[in-house]
Amino acid sequence: MRKEDTHHDELPRDILHCIGNTSLLPLRNIVPENGSRILLKLENENPTGSMKDRMALAMIEAAEADGRLTAGGSVVEYTGGSTGVSLSLVCAVKGYPLHIVTSDAFAQEKLDHMKILGANLQIVHSESGGMTEKLTRDMIEAARIITEKTGGFWTDQLNNKDQIAAYHKMAEEIWRQTNGEIDGFVQMVGTAASVRGIGEGLRRHNKNIKIVAVEPSGSAVLSGGKPGAHKIDGVGAGFVVPLWRENIADQIEQVSTEEGTAMAIRLAREEGLFAGTSTGGNVISALRLAEQLGPDATIVTVMCDTGMKYLKTYGTEVNRGGGFAMLSEN
């Protein structure tokens with residue numbers, strides 16, 4: 001039973017039943033000049049403030065169902081932060097010890113959140129200070145070694161197809177909330193499960209919905225570019241991720257860390273929506289798609305997580321004027 005399955009007079013059994021069924025909100029001030037409509041799926045409403053709660057629960061429940069994870073077992077994962085926080089929540093509720101491999105490249109708030117929820121962390125140093133292909137592969141190798149030593153269940157998010165079902169459900173939410181009036185969907189690519197699953201789910205209803213994938217311009221490998229460093233947490237692994245398929249997206253947009261940060265600050269200042277940099281990238285790309293689709297279009301994109309996960313990062317950016325310098329250019 002999930003939140004959407006309960007009656008109004010019933011209480012959820014635990015915090016995991018509060019995952020999903022998030023709001024869909026139209027942007028009021030950050031809108032395309034041509035008058036098309038952009039709707040933002042508020043995934044910050046999930047318990048840890050991130051859409052990753054959906055996939056973490058799906059991966060764990062699938063492993064429980066088929067016996068890969070049993071009582072007394074432990075869980076292992078490599079993560080840029082949000083997946084780790086979500087797994088920490090799920091494992092805390094279900095009673096599984098969790099071993100997380102992460103990096104100092106990612107927001108300290110996320111690392112602290114995982115520790116508070118009881119996860120054991122192994123920190124891999126980032127030589128560039130940002131996300132790179134080498135860092136991703138180093139984290140994967142560290143997770144493999146921990147799995148061998150502990151005999152734990154490795155969720156292995158870059159290869160785990162169980163999470164796609166969670167995003168099929170999210171697509172059904174979006175279809176229901178828009179009454180089927182949706183022309184485009186835009187999403188940043190991390191594991192590729194969300195853009196793939198939501199795209200598949202929406203196209204089951206209407207094959208003409210335009211799906212746009214977004215990646216960091218500094219590591220635009222899906223667009224055929226070379227891998228590089230960037231500072232958009234949780235996306236842009238630096239190589240073509242295993243769950244990616246060429247037919248997922250009708251087009252691929254590129255957004256820089258600076259552009260994403262500036263738009264995230266605009267969302268806070270102009271819409272009261274405090275989100276992460278990946279959300280800023282989503283909105284920038286949704287605005288671009290709106291110009292293509294015209295004034296009658298409705299485009300849905302995702303508020304991937306809450307900006308509370310990036311307070312120190314944004315505080316530094318605002319104090320040095322970086323984000324606002326970008327705003328003045330736009």
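The paragraphs below lead through the cores of this predicted model, two pairs of helices and one glycine in a loop.

Residues are numbered from 1 along each chain as its sequence is written, and side-chain values use heavy atoms, with hydrogens and water left out. Because the model is predicted, local features need pLDDT of at least 70 and side-chain atom pairs count only at pLDDT 80 or more, whereas totals for chains, interfaces and linings use all residues.

The largest nonpolar core (a set of buried Ala, Val, Leu, Ile, Met, Phe, Trp, Tyr and Cys residues joined through side-chain atoms within 4.5 Å; buried means under 20% relative accessible area, exposed over 50% and partly exposed in between, with a 1.4 Å probe and protein chains only) has 46 residues, and L202 and W244 have the most contacts inside it. Two or more residues each come from α1 (52-66), β3 (75-78), α4 (133-150), α5 (164-177), α6 (193-205), β8 (210-216) and β10 (298-303), where helices (H or I, at least four residues) and strands (E, at least two) are DSSP runs numbered from the N terminus. The largest share, 6 residues, is given by α5. Not counting residues up to four places away in sequence, L202 touches A171, I174, W175, I182, F185 and I209, contact being heavy atoms within 4.5 Å. Apart from this core lies another, of 24 residues, including I38, L42, M263 and L289.

The axes of α5 and α6 come within 7 Å and cross at roughly 50 degrees; these axes are lines fitted to C-alpha atoms, for helices over the stretch in contact, with angles running from 0 to 180 degrees between N-to-C directions. That makes α5 oblique to α6, since angles under 35 degrees count as roughly parallel, over 145 as roughly antiparallel, 65 to 115 as roughly perpendicular and the rest as oblique. Among the residues that meet here are A171, I174 and W175 in α5 and I198, G201 and L202 in α6.

In a second pair, the axes of α2 (residues 82-94) and α3 (residues 108-116) come within 9 Å and cross at roughly 15 degrees, and these helices are therefore roughly parallel to each other. Their contact is made by S82, G84, V85 and S88 of α2 with K110, H113 and M114 of α3.

Finally, G307 lies in the loop between β10 and α9 (311-320) and, at 0% relative accessibility, counts as buried. Leaving aside neighbours within four places in sequence, G307 is in contact with F274, A275, G276 and Y314.
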